[in-house]
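Dear colleague,

Please find below the structure that I am handing over to you. My findings follow it, grouped by region so that you can read them beside the model.

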Amino acid sequence: MEEEWYITPIQVRDFIFCPTIFYYKYLVGIMEPKTEAMDEGLREFSKDLERWQERKTLLNQRRIHVDKMLFGYPITCRRYRLRGIVDTIYWSNNRLNVLEIKSSGSTKLYPDHLYQTAVYGLMVEEEFKQTVYKLIIFYKKSNKWFEKRFTNQLREYIEKTIEKVHRTLESGEVPEHRWGKKCVSCFYNKFCY
Ligand code: SF4
């Protein structure tokens with residue numbers, strides 16, 4: 001049934017980080033003990049006035065003129081078969097931007113956070129039929145703000161990855177292991193090795 005095959009931006013992010021992790025989590029059903037996978041649930045929790053104001057203040061501090069802002073915005077995207085809740089969408093000088101707020105204290109931009117935000121970017125483009133100008137990731141504890149243009153190259157990479165995620169879910173095939181440094185601290189390494 002089509003309904004079963006909607007995926008989330010967090011699943012795409014997991015696939016980019018490691019297709020094998022994705023396989024164990026979403027095809028075998030072995031979930032890591034409570035991790036950031038609860039992001040989507042937390043987003044629901046975040047839909048309150050205080051957090052809306054927090055985002056307004058953040059954009060003001062950055063001296064960003066905001067024409068309109070949406071917060072905790074749910075999107076179901078039929079084109080890519082994606083579902084998720086976008087943290088913050090705002091228009092500035094008629095340009096559409098997607099802001100993802102992470103509670104961590106990272107001082108560098110993690111690529112998988114950028115890719116996750118890019119998935120939201122695709123969903124937002126479909127929803128509003130407007131090109132997304134910038135993707136922004138803000139790490140709260142470190143007060144670090146990273147922004148990237150949503151380039152065609154990034155858009156195409158994300159589109160191809162989404163296709164691969166759907167193919168993996170539909171075929172049930174085990175992805176090829178790509179061992180690396182990240183494997184040392186990976187919860188799933190006992191299954192991989
Ligand atoms: S041990 Fe490495 S290859 Fe295996 S799931 Fe973890 S990160 Fe992926």
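The accessible surface of the chain comes to about 10,800 Å², and carbon and sulfur atoms account for 50% of that area. Please keep in mind that this is a predicted model. The chain has 193 residues, of which 47% are buried.

Its secondary structure consists of 7 helices and 5 strands. Read from the N terminus, the order of the elements is α-α-α-α-β-β-β-α-β-β-α-α. Among contacts between residues at least 6 apart in sequence, 67% join residues that are at least 24 apart.

**The first two helices**

Helix H1 covers residues 9–17, and 8 of its 9 residues are buried, so this helix is largely enclosed by the rest of the structure. The buried residues are Pro9, Ile10, Gln11, Val12, Arg13, Asp14, Phe15 and Ile16. Charged residues are found in this list, including Arg13 and Asp14.

Helix H2 is mostly covered, with 7 of its 10 residues buried. These are Pro19, Thr20, Ile21, Phe22, Tyr23, Tyr24 and Lys25. Against which elements do the buried residues of H2 pack? They pack against H1, helix H6 (152–171) and H7. Just after H2 comes Gly29, which takes a positive phi of about 90 degrees.

**The ligand**

The ligand sits in the largest cavity. Which residues surround the ligand? They are Cys18, Thr20, Ile21, Arg178, Trp179, Lys182, Cys183, Cys186, Tyr188, Asn189 and Cys192. By type, this shell divides into 7 nonpolar, 2 polar and 2 charged residues. Helix H2 (19–28) and helix H7 (189–192) each supply at least two residues of the shell. Two residues of H2 thus appear in both accounts: Thr20 and Ile21 are buried, and Thr20 and Ile21 also belong to the surroundings of the ligand.

**Residues in the strands**

Met69 lies in strand S1, which spans residues 68–77. Is Met69 buried or exposed? Its relative accessibility is 9%, under the 20% limit, and Met69 therefore counts as buried. Along the chain, Met69 and Ile89 are 20 residues apart, and their C-alpha atoms are separated by 5.7 Å. Leaving aside residues up to four places away in sequence, Met69 touches Trp52, Arg55, Lys56, Leu59, Thr88, Ile89 and Tyr90.

Ile136 is found in strand S4, residues 132–139. With a relative accessibility of 0%, Ile136 counts as buried. Ile136 and Val98 are 38 residues apart in sequence, while their C-alpha atoms are 6.1 Å apart in space. Again leaving aside residues up to four places away, Ile136 touches Tyr90, Asn97, Val98, Leu99, Glu100, Thr117, Trp145, Phe146 and Glu147. Tyr90 is thus one of the residues touched by Ile136, and Tyr90 is also one of those touched by Met69.

Phe146, one of the contacts of Ile136, is found in strand S5, residues 144–149. Phe146 touches Thr107, Lys108, Leu109, Leu135, Ile136, Ile137 and Tyr139, if residues up to four places away in sequence are not counted. From Phe146 to Leu135 there are 11 residues in sequence and 8.3 Å in space, C-alpha to C-alpha.

**Helix H5 and two loop residues**

Pro111 has its place in helix H5, residues 111–128. Its relative accessible area is 46%, which makes Pro111 partly exposed. Pro111 and Arg13 are 98 residues apart in sequence and 9.3 Å apart in space, C-alpha to C-alpha. Arg13 is one of the buried residues of H1.

Two loop residues deserve a separate note. Most residues other than glycine have a negative phi. What is the phi of Asn94? Asn94 has a positive phi near 70 degrees, although Asn94 is not a glycine. Asn94 belongs to the loop between strand S2 (82–92) and strand S3 (95–102). At 63% relative accessibility, above the 50% limit, Asn94 counts as exposed.

Lys129 likewise is a residue other than glycine with a positive phi, in this case near 55 degrees. Lys129 lies in the loop between H5 and S4. With a relative accessibility of 65%, Lys129 counts as exposed.

With kind regards

Definitions and conventions. Residues are numbered from 1 along each chain as its sequence is written. This is a predicted model: local features need pLDDT of at least 70, side-chain atom pairs count only at pLDDT 80 or more; totals for chains, interfaces and linings use all residues. Side-chain values use heavy atoms; hydrogens and water are left out. A residue is near a molecule or strand if one of its heavy atoms lies within 4 Å of it. On a 1 Å grid over the protein atoms alone, a cavity is a set of points where a 1.4 Å probe fits but cannot get out, and a pocket is an open set with protein on both sides within 12 Å along at least five of seven lines; lining residues have an atom within 4 Å of a point. A molecule sits in a cavity or pocket if more than half of its atoms lie within 2 Å of its grid points. Helices (H or I, at least four residues) and strands (E, at least two) are DSSP runs, numbered from the N terminus. Buried means under 20% relative accessible area, exposed over 50%, partly exposed in between (1.4 Å probe, protein chains only). Contact means heavy atoms within 4.5 Å. Accessible areas come from the Shrake-Rupley method with a 1.4 Å probe; for residues, only the protein chains shown count as cover.
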